[in-house]
Structure formats: structure tokens, C-alpha cells
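Good morning, and thank you for joining this group meeting. I would ask you to look at the sequence and the structure together as I speak.

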Amino acid sequence: MGNIWRLGILTSGGDCAGLNAAIRAVVHRAIHTYGWTVYGIKDGSLGLMSRPLQYQELSLDLFNGNMLRMGGTVLGTTNKGDPFAFPMPDGSKKDRSGEFVEGFHMLGLDALIVIGGDGSLRILNKLCAQGSLPMVGIPKTIDNDVHQTEFAIGFTTAVNVVVDALDRLQPTAASHHRVMILEVMGRDAGHIALSGGIAGGADIILIPEIPYSLEGIAAKIEDVRKEGRNHALVVVAEGCKTEDGRPVTVAWGEQARYGGIGHYLSEQISQRVTAETRVTVLGHVQRGGQPSMRDRLLASAFGVHAVDLVAEGKFDRMVAWQDRGVVEVPISEVVVGARCVDPAGPIVHTARGLGIYVGELVDIVSAHTPLVG
Ligand code: F6P
């Protein structure tokens, strides 16, 4: 190993299951294989912008066997406060990027590993570029919308929660002859809704990438009835719009938060079919809990490979999962917005093949590609 001695690691953006497993893998590889000192930066970029700096040395004794299993992130995180336009108490925005770069040097770091989604990786990469700070990224997000990787940490755990919810909703739907609507996370991309809906036996799956019609939904529910079933399951991603294209959000200060598309659909479906509807909004339970086997494996493989990239002096890259293994990709190919569901891809093809209503892009010729989504 060359001349890296002090490695920083931070988690940024919304938490998800598997972050602690990734931190654990980084610490193990950095200390066992390379003999480095590892510093955990608290609360994402905020830890390096705070004075005094907010960090903790991560020694092997902190990893007492529990870390692999724990949801959340022991380092804390933030999905607010872009350092380039940081919201100040007086309502103004301030560029605090210099404080981040200064914090990196104050701690004497040689390199930084960032675990984040597409938005966090974009901001952190810009911060590191500004200060010429060596950085390697690890993809995480339940939304699974990071480019160049088939899976991001947190996705499969979240999908398992969706499947578990559908397993619970189906018997109660059948008992009461109801249409059950499950609203799941997914702001820009419908990967959670699509994978969870297929695996959980949904009849209708609505995702932001594919327009739908209320008549099409009603017709599907009638078809289910004609086939002799007295109930139906609908999964909708929170980022879906109304039929006429209006986003369904709740105003929250300066922000607009997603939420409400499930209730909109409930009302609209009730007007079109004679069936009772009920809505479940799954929310943040999708982010917490113990990581799935795949998320533990992914986090472990990503952590080890990220440290190896640092050791090899390969920066401005992200570790990614492609074709059953870990690869490295340039960050510049990742930070180009959300990786959405391909309406002509293999998963939508599977849904359509099962007779699931997934919206109405009738001219799509489903094609098989090796990538998920
Ligand atoms: O990006 C991940 C995500 O879980 C989205 O699916 C969801 O819209 C958002 O985070 C929720 O963020 P918050 O924790 O700020 O409510």
C-alpha cells in the first residue's frame, strides 16, 4: 500500500439497511489488510463542516458482531443541507463547501469513502473535486436508482418489506372482498414498486416511468373479478402522478414531500368500480430493520473493494455490482440523475407477462437485457 494512512468514511442521504455492514467491511479491510486508521465522519458532510469537527475513530473493537445486523447508520446521516447552498437560520443560503474541504485537512485525512445515493454522490464528488480530495463512492438507496450498478445497498431489504406487507394484505383483502392499495417509496424510479409488486402478487403496479389510466385500472379490477377472485392488490410508487400529470405531494415548509397518491387512487377507483378500497402507506418501515442477505453481501463486497481502490490510488470511482460481481466505474458516469425503470426492460416484461396492469405504453416491444430494472 502506498501512502494512505488516515481514511475517512461517511454516510450521506437517506439511511437504509446495510449501511453498517458496509462501514464494518471498510473498517475490517482498512485495518486488517492495510493497517490504516479509519475515521467515521458524523452526519454526512456536516461532520467535516462542524467546528469542532464531528468524527470518531473506528477501531475493530467497536464491531462486536452486531454491526452486520443493524439497520440505520451508526455514523448518522443527512439528506438536507447542500454545502454549496446551505440553508442559514436567517433564511439565506451560504456556500460552505470551503469548510468541508478545510475539515478534511484538519483531520489529516488522505482519502474519503462516501456511501450515498445519486444525489449525495454528486454533491460529495463536487466537494471533493473542489479541494482535490481523493474519494471513492459506494452506492446505497432503497430506490435502487443509482446508475451503473444493478443493485444499491438497501434495495432488497426494502423490497422484502413490501413483499411482507402484501403477504399480510392479501388475506385481509380476500376476507373482506376489498381492493388493497399499498403506497411504497420511490420518488423518481419505480424499482421498489415493480419488484415488490411482482414478488408480492400484485394485480396492478403503478410506477412514475409509465403513465396509466384510471379506466385501465378499473378494467383490470373487473377482469380479476371475472376470473373469479373477489379481491385485488394495487402497488403504487409515491412518485406517481395523478392521471392528468399532477404530482401528489404534501407541503412541508419550503419543501414538498411525497405522499397521497394511494388515497387519490382509492377515491378514483371507488368512483369506477363497486368495491371497497383501503390504503396502506408503508413509509419509512422500508428503510429500517435488519438488512437482507443480499444487502449484507453487497455491503461487504462493496466495502472491501472500495478500500482496495483507495489502496490502488484509483479515485473518483464508485464500486458497482454488475454481472454477479463488483466492478469499478467512473463517478462521472454515475452522477447523471436517477436510473429509472426501463419500460422496455425485462422486469416490466415479466410483469406484463403475468397479466399485471403496469400502465399503458402499448407500443413498447419488451426486450430482454441483462440488467435488473
Ligand atoms: O431516497 C430514498 C427515500 O427513501 C425516497 O424513496 C423517499 O421519498 C425519501 O427517501 C424520503 O426521505 P425522508 O427520509 O426525508 O422522508
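Allow me to begin with a term: helices, of at least four residues, and strands, of at least two, are DSSP runs, numbered from the N terminus. Please keep in mind throughout that this is a predicted model.

With that numbering, we may turn to a first loop. Between helix 2 (46–49) and strand 3 (55–57) there is a loop that holds Pro-52. The peptide bond leading from Arg-51 to Pro-52 is cis, its omega being near 0°.

A second loop, between helix 9 (293–311) and strand 14 (317–322), contains Asp-316. Although Asp-316 is not a glycine, its phi is positive, at about 55°.

I now come to the ligand. Where does the ligand sit? The ligand occupies the largest pocket. Domain 1 (6–153 + 291–333) and domain 2 (158–286 + 342–353) both contribute residues to the shell around the ligand, and therefore the ligand lies between them.

Around the ligand we find Asn-79, Lys-80, Ile-142, Asp-143, Met-185, Gly-186, Arg-187, Glu-238, His-284 and Arg-287. By character, this shell divides into five charged, three polar and two nonpolar residues.

Let us consider individual contacts. In the side chain of Glu-238, an N or O atom is 2.5 Å from an oxygen atom of the ligand. For the side chain of Asp-143, the corresponding distance from an N or O atom to a ligand oxygen atom is 2.7 Å. Gly-186 takes part through its backbone, where a polar atom is 3.4 Å from an oxygen atom of the ligand. Taken alone, the ligand exposes 400 Å², and the protein buries 80% of that.

Terms used
Residues numbered from 1 in each chain as written. Predicted model: local features only at pLDDT ≥ 70, side-chain atom pairs only at ≥ 80, totals over all residues. Heavy atoms only, no water. Near = heavy atom within 4 Å. Polar contact = N/O pair within 3.5 Å; in protein donor to acceptor, adjacent residues only side chain to side chain. Areas by Shrake-Rupley, 256 points an atom, 1.4 Å probe, with all protein chains shown as cover. 1 Å grid on protein atoms, 1.4 Å probe; cavity = no way out; pocket = protein on both sides within 12 Å on 5 of 7 lines; lining within 4 Å. Sits in = over half its atoms within 2 Å of the grid points. Nonpolar A, V, L, I, M, F, W, Y, C, P; charged D, E, K, R; others polar. Domains from an automatic or database assignment.
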